[in-house]
Structure formats: C-alpha cells, structure tokens
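The following note is offered to a colleague who is meeting this structure for the first time. The points are numbered for ease of reference.

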Amino acid sequence: MERVPVLDEPLKKLLGAATAKVMDEHLGLRTVGDLLHHYPRRYEERGQLTALSELPLDEDVTVVAQVADARVHTFNGGRGQRLEITITDGSGRLQLVFFGRGIHKPHKELLPGSRAMFAGKVSVFNRRLQLAHPTYAKLGADSGEDEVDSWAGALIPIYPACKGLESWKIAKAVDAVLPSAQDAADPLPPALREGRGLTGLPDALRKIHRPATKADVAAARERLKWDEAFVLQVALARRRHADTQLPAVPRRPAADGLLTAFDAKLPFTLTEGQLKVSAEIFHDLSTEHPMHRLLQGEVGSGKTLVALRAMLAVVDAGGQAAMLAPTEVLAQQHHRSVVEMMGELAEGGMLGGSEHATKVVLLTGSMGAAARRQALLDLVTGEAGIVIGTHALIEDKVQFHDLGLVVVDEQHRFGVEQRDALRGRAKQPPHLLVMTATPIPRTVAMTVFGDLETSVLDQLPAGRSPIASHVVPAADKPHFLARAWERVREEVENGHQAYVVCPRIGDDEDDTAKGAQKKSPEDEAEKRPPLAVVEIAEQLRTGPLAGLKVEILHGRMAPDGPGGKDDVMRRFAADDIDVLVATTVIEVGVNVPNATAIVIMDADRFGVSQLHQLRGRVGRGSAPGLCLLVTEMSEASPARQRLTAVASTLDGFELSRIDLEQRREGDVLGQAQSGVRSSLRVLSVLEDEEVIAAAREEAAAVVASDPDLTRLPELRTALDALLDKEREEYLEKG
C-alpha cells in the first residue's frame, strides 16, 4: 500500500478525534499540511522586563520577581476563591490575583521565596496595581540573564481561533505537527528562490509558527506570499497558454464596410484612449486564437462605443456578435442606444436601410412569442449581425449562424458559468470581450481576471461635465435635506431632470421587509427599515416636490405596456418626467444627458463602487452634475467616512482602492472567485502589488518554457492542491 505523504496525514491520527473534528468543522483544517498553512494572525510580545517601581497602567509587561507571600481568600459565602500573591523585585511590590479553578496550580507552584517571570496586563484594583491571571515561568536558582531575556522577548503566535479551540490550543497542535514541515515539497523553482533570495519552504513554515525574532516573521511572510502569488499566477498563465492553443476564426473588418460607414457618421471624434483600446481589440480579433480581453472604463468613458465598433468589425468579417447584459432594463437600454447610434446601418433588410446595414435584434425573457420567434429566426439565418439580450441568450433554443464575438457587460454581475454557456453556442470558440464600469485596482485585475488581457479607458470624452458631490447629514442638519429638495426643484426649473434613489421598493411584496430583511448594524442602530421608493415618491409628490412630474421605476414592474419599466424609461429619456424615484436598476448603462441631479437616500446602505456607478448617471450632457448623498449616520461612523470619501473624489480607481481597504477583499472579489481567494492567507491583493506583478512575470516565463510543468513536479503538486474541483472549473470557465 502506498504511504500517505506526511503532509496529507489526517489530523485525527496526531491530535485525537475530538480536536480534529473541531478543526475540520470550524476552521476547515483536515490534514497536517492544512494546519501548517494555518498561520498566526499576529504575535504578542511578553514585553521587555520592567521594574516594579515603573509599571505603566494598561500595558502588557514582563517582570522578574520573588514571591513574598501568598494568601487564599473566600467570598460569596465560601463559594468563591481568590488567590492573592505579592511579589517584589527590590524596587517595588506588585499584587497578582487568580480566581476560581485557576488558583490551584499557582498556589502549588508559587511558594514564598520562589523566583519567576510574570507577564500580563497592568490594571488597578482598590487603588493598587495588579496583574490578573498572569502567565508565568518559574526560574531556577541558577537561571541566567539569557534565559530571562529569551522568555521575555519571545513572540507568542496568536492564531485565528474558534469556539472550543482557543489560540493556545491551536499553538499546541502546531507544535505536534511542526516537525513534519521538513517534508514540505517546495513549489518554487530553485532558480526563482535563489534569484530572489527567498528562504526554503520548511524554514519559512518553522519561522512563521515559532519565530525567534521579528526578522524571522518578515522572512517567512515574504516567502509564503510568493508561494500564494506564484502558484495562482501559474494557474492563470497556464489558462492563458491553453487559450492560445484554441482555434478561432480571425475577424478582420472589410476595408469599406459597416465599420467605416459607422465611423463616418459619428458626430464626434474618438478619444485617444478609445482609439488605443480599439486598436488592441482589433489586433486580438485578427488572430487565430480567441481574444479574452477585459475592458475597464470609468463611468461614461465610452466603453459601449468601443464594444460596438468591435461588434461591427466582426459583422463586417461575416460573423455575428452577441452582447450580454445583466438585466432586461439594461439590455433594452443598450439595444435602444446601439440602434440610435447606428441609425440606418441597423436597418438591414429593411426599406431605407443602408447597403452595409445589418439587423440588430433584442432577445429577453419577457418578449412576446411572435417577436421572440422572429428574433431566433434572424439569428439562425444570420440575418441579424448583432443580438443584445439577457441570459435568455444562452438558452438551448438559441442557435447562431456564425457567432464570432461575445461582449459581456458588467462582469461582476455575471456568473462564469453563464459566460461559458454562451461561448458554447458557437461552432468554434468566439472572441470574448468583458466590460466593467467598476474600476478594479491593477493587482485585483491581475489576480482575479488574470486569464484576461486588460485594456483601460481612463479618459472621459470631451463634453462630459464635472459632478459636484456632497454629503447631506439628514439627522444632524435637517435643513440640509430641505435644501437638497430645493436644489432638485431648481434643476427642474432650469429645464433639467433628476433621479432619487432608494435602497428598497416598498410595495406590499417587498420582502415583507419589516421582519424578514436581514438587518445591517446601521438598521439596528436606527430601528427602521431602509427608505423605500414607493413611500419616498409619495412624500415628494405631496411635499417638497409637489407640482413636479414624479414617477417610480423598480425591478418588479412589468417590462412592457403602459406604465411598465420600458415606458417609464422612454418617457424619462423624452423629458416627460421631471423626477424619477428608482432603485438601483438605474445603476449601470442608463444614459439620459438631460438628468443633472441625483439624490441617493440612505446612501450609507450602498457600497462605494455602487455609489460611484449611480453618480455616473448625471453629468452626461453639457450641464454640470450634482450628487447628494443623504444619510442619518453620525459623523464618526465608518459608513459616514465612506460617504465622505466618495464625495471627495471622482476617480473610480482611487475609490475602488478605498472600497477594498474598508471591506474584506473576498467580498469585493465576488463569489465567482471565492474558491481562488480562499487560498490567499498572507498575500494582500492591495499591499503586495510588486509581489503579484513579479510573480505574474515569473509564472509566464515558467509556463512558456514548460507548459505541463514536467520539470517542476513540486509546483505541479501545489497547483493540484490549489485547483481542487471547484477552482479548476472556475479557471476553466473564466
């Protein structure tokens, strides 16, 4: 029978069934290797030795002293016991106290005349300084200064713990498995390790768990960060390499075709950024393996236009392009704006259509049967060059004549599986362009979308206006809120329109919000549910905005028909509505240049990137935009500080950094990436930019010279451990 590698040994063989069960259920630790990679969160220092005459209050100290006397007191009618010990070091005296069952061991060991080291936090009781339940180590008569110094200066590892398994119990368990660290297979190629002066893995594991000095901790962390960054980047590099092996049909636009005709009718010139990114995309489309590109763009930087030009290039080359949007409202919005931008070029096969024209069809779940049948027919015959839709596009019934490009809008709302299913609709893998309006810090893009090449649009087109943002503290200064509604009136009187955004719908079906909604700490503090569209719209109609045309829009309204979502959006775009009270359905892609003000109610209940998206709905025309963030949170609260940060900058990349600093990285990186993320223990995607960038380069070089890692079996093993089933699928589909 094959011997189980030491690091794969189950913990219950070494630690006993009870401890192993708690570790498995609460910490997900099952093997010796798992426990060795459960690193301390921080380290406590017992502190340098302090004279008793100089003890600072509320600080952790370590003292060496002699026991002067020890007394046990009873209280609570004899039911409770307290051990009081007085110690002295010649400079002063100090009281130690132990309670309950904790008194027996010290009572036996700390006899008058014995010498020991004591460590704990200094507190005051009855106007006397004391240490409650200090840790201690007895010293023999011949203990020298070295022993005292090493005990006092030791770094005590504090582990992420759980109920029933305190940090010191985990430390004890680590002691039991630490000798196995010498058998840890080192995934880093020797040349890389030596070239970067990194310590070996067994040494790093010993130093992270039992450091003698702070330098040990630093050396171990640097090494272990490399493990995490490098193994993940190798996985992504292999994914990119595999993509270059796939066949794809090159799509080169015709010299005087649809794209040329479209560019000729644009009423403005493209920005430098748009031209540069378009060139990158056209280059990828002309190659014989599938493009996998992430297009990041600030709100309003013209991503849709860049994507449309890519789609037109593919149609020119005889293929079809599909654009996937996360919601019906957004799919309809994109369809409307693409048809408007293309004009007669979108009227293929129709009277009055241009000779280069193609058909642009919409496909959503709520379409009528006849319209849907026609759309499906146009796709299978190739009559429609461009289709825009929701995930209804990836149902089995949808067949394409020749799908050449898939554009996915708003990556963070779209599951990996859905992208994959759409790619499966084509005879050969189509080219893929993923757009996101949430600026992602470079390191996050390298870690999470590391299998995609990245293009960034960071210039705003000429004619976009500045947006002024202000926090409106409704609880502290109610007159500020009154002034906010006056400002909305002023905008409308000047011929403009406004949005008011609420976190909740507030109709009868609304999550039976009173009871069922999971309450955030803010809700608990305020003892009220989030503000709702239906209620706020009513208050505005009868109160501060009386006389204005105020309408509502939310995700539960029917898409079609009078009063449906589409109808409301169309009337708002046509300036028939002054103020639109909506949920976040307007967050992405809604483009009404005449809307100049947005008031976000309970703004503290939205994330930073969501607020940035919402703010991007105004200032889209020639008039300046105004964004008012209304909150009842106090000035000192983290939620309020988050809003102040949003109000202080329009730079989405800066905000995404703030967002990442304030939330756990895993939240920001989304569930699709949770598998990969959970493997990062010491690596921070924000702070370790240099390590991630360097690891990406090293990984690309390794994979280029040895795609199957045949010469690096230890790296292959580490990769297999990282890519368990779930993660393998995630990367495969990415």
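1. The protein exposes about 33,300 Å² of surface, and carbon and sulfur atoms supply 52% of that area. Please bear in mind throughout that the model is a predicted one. Of the 734 residues in the protein, 52% are buried.

2. As to the overall fold, the protein contains 29 helices and 21 strands. Among contacts with a separation of 6 or more, 73% are between residues 24 or more positions apart.

3. One nonpolar patch on the surface deserves mention. Leu57, Val124 and Leu129 form this patch, and together they have about 240 Å² of accessible area. Leu57 is found in the loop that lies between β1 (42-45) and β2 (60-75). With a relative accessible area of 45%, Leu57 is partly exposed.

4. Salt bridges form the next topic; the structure holds 31 of them. In one, the side chains of Glu9 and Lys13 meet at 3.3 Å, N to O. How do the two partners stand with respect to the surface, buried or exposed? Glu9 is buried, at a relative accessible area of 18%, whereas Lys13 is exposed, at 62%. Under 20% a residue counts as buried and over 50% as exposed, which is why the two partners fall into these classes.

5. A second salt bridge joins Arg71 and Glu84, whose closest N and O atoms are 3.6 Å apart. Because Arg71 belongs to strand β2 and Glu84 to strand β3 (residues 80-88), the pair ties together parts that are 13 residues apart in sequence. Arg71 is partly exposed, with a relative accessible area of 33%, while Glu84 counts as buried at 11% relative accessibility.

6. A third salt bridge connects Asp263 with Arg309; here the closest N and O atoms are 2.8 Å apart. This pair links distant parts of the chain, 46 residues apart: Asp263 sits in helix α10 (residues 258-265) and Arg309 in helix α12 (residues 303-316). Asp263 counts as partly exposed at 28% relative accessibility, and Arg309 counts as buried at 7%.

7. Salt bridges also occur as a network. Arg483, Glu486, Arg487, Glu490 and Glu491 are linked in this way.

8. Helix α11 (residues 272-285) merits a closer reading. The helix has 14 residues and reaches 20 Å from its first C-alpha to its last, close to the 20 Å expected at 1.5 Å a residue. Which residues of α11 are buried? They are Gly273, Gln274, Val277, Ser278, Ile281, Phe282, Asp284 and Leu285. These residues cover an arc of only 160° around the axis, and therefore lie on the same side of α11. Glu272, Lys276 and His283 are exposed on the other side of α11.

9. It remains to ask what covers the buried residues of α11. The cover includes the helices α10 and α12, together with the strands β9 (292-297), β13 (403-409), β14 (431-436) and β15 (453-457). Two of these elements have already appeared in point 6, since α10 holds Asp263 and α12 holds Arg309. The reader may wish to view points 6, 8 and 9 together on the structure.

Note on methods. Residues numbered from 1 in each chain as written. Predicted model: local features only at pLDDT ≥ 70, side-chain atom pairs only at ≥ 80, totals over all residues. Heavy atoms only, no water. Patch = residues over 30% accessible without salt bridge, like charges linked within 9 Å, V, L, I, M, F, W, Y side chains within 5 Å. Areas by Shrake-Rupley, 256 points an atom, 1.4 Å probe, with all protein chains shown as cover. Salt bridge = Lys/Arg side-chain N within 4 Å of Asp/Glu carboxyl O. Helix = DSSP H or I, 4+ residues; strand = E, 2+ residues; numbered from the N terminus. Buried < 20%, exposed > 50% of the residue type's maximum accessible area, 1.4 Å probe, protein only. Expected span 1.5 Å × (residues − 1). Arc of directions from axis to C-beta. Contact = heavy atoms within 4.5 Å.
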